[in-house]
Amino acid sequence: SQAANQKANEKRAEELARLGVQNSYENRMRLRLYEELDALAKCCVFSGDHISPSDLFNGTVEIEHILPFSVTFNDGFSNLTLATRKANADKDNRSPYGAFGHSPVGYDWNEITKRVAALPKNKQWRFAPDAMERFEREEDGFLARQLTDTQYIARLAKAYVEALYGD
């Protein structure tokens with residue numbers, strides 16, 4: 001898996017050099033997200049506007065957190081996509097359904113859901129009407145597990161220190 005990722009990043013670095021763009025983590029991420037749009041005919045999942053390779057680096061397109069980072073603190077690849085600057089601004093700090101579920105002018109929720117169907121499964125659920133509630137349920141479970149694990153590790157560390165230095 002690491003070898004495959006390394007090879008993919010080398011190809012992205014070559015593509016960035018061909019485009020005359022700096023080889024940085026963010027630019028490689030933009031290319032990786034762009035590759036994911038193959039099934040969408042390289043268009044913004046929200047607006048349906050076509051995204052060209054030059055759009056990736058000229059400010060027309062932004063890396064968008066599907067579920068708002070300000071709420072989820074999730075900066076993982078499964079919570080990222082590319083969006084036009086306008087769609088990203090229109091979405092604001094809302095879930096995709098919260099922003100576009102009522103098909104505001106310029107957006108069609110039915111068309112968005114068709115485009116979403118071409119995304120990987122680990123991204124599709126984030127567009128559902130209950131995505132924020134689902135995240136909160138899973139997050140609560142995650143936090144509870146983390147707290148339990150932290151308590152267990154703290155007890156082990158205390159026992160270790162006591163064994164080394166006495167009570």
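**A pocket, a patch and a few contacts**

Leu164 sits in helix H8, which covers residues 131-165. The model described here is a predicted one. Leu164 also belongs to a nonpolar patch on the surface, together with Tyr160, Val161 and Tyr165. Taken together, these residues offer about 490 Å² of accessible area.

Next comes the question of empty space. Rolling a probe the size of a water molecule over the atoms shows where such space is left. The largest pocket holds about 180 Å³ of it. Two elements each give two or more residues to the lining of this pocket, namely helix H1 (2-19) and helix H2 (25-36). H1 provides the largest share, with five residues. Reading along the chain, the lining is made up of Ala4, Asn5, Ala8, Asn9, Arg12, Tyr25, Arg28, Met29 and Arg32. Sorted by character, the lining has four nonpolar residues, two polar ones and three charged ones.

Aromatic rings also meet in this model, and there are five aromatic pairs in the structure. One of them brings together Phe46 and Phe127, with ring centres 5.9 Å apart. The planes of these two rings stand at 40 degrees, so the pair counts as tilted, a label kept for angles that are neither under 30 degrees nor over 60. Phe46 and Phe127 are 81 residues apart, and the pair links distant parts of the chain. Phe46 is found in the loop between H2 and strand S1 (61-65), while Phe127 is in the loop between helix H7 (121-124) and H8.

Charged side chains pair up too, and a search of the whole structure turns up ten salt bridges. Among them is the one between Asp90 and Lys86, whose closest N and O atoms are 2.7 Å apart. That falls within the 4 Å allowed for a salt bridge. Both residues lie in helix H4 (residues 85-91). Because Asp90 and Lys86 are four residues apart in this helix, about one helical turn separates them.

Note on methods: Residues numbered from 1 in each chain as written. Predicted model: local features only at pLDDT ≥ 70, side-chain atom pairs only at ≥ 80, totals over all residues. Heavy atoms only, no water. Patch = residues over 30% accessible without salt bridge, like charges linked within 9 Å, V, L, I, M, F, W, Y side chains within 5 Å. Areas by Shrake-Rupley, 256 points an atom, 1.4 Å probe, with all protein chains shown as cover. 1 Å grid on protein atoms, 1.4 Å probe; cavity = no way out; pocket = protein on both sides within 12 Å on 5 of 7 lines; lining within 4 Å. Points joined across faces, edges and corners; volume = space filled by probe spheres on them. Nonpolar A, V, L, I, M, F, W, Y, C, P; charged D, E, K, R; others polar. Phe/Tyr/Trp six-rings, centres within 6.5 Å; stacked < 30°, edge-to-face > 60°.
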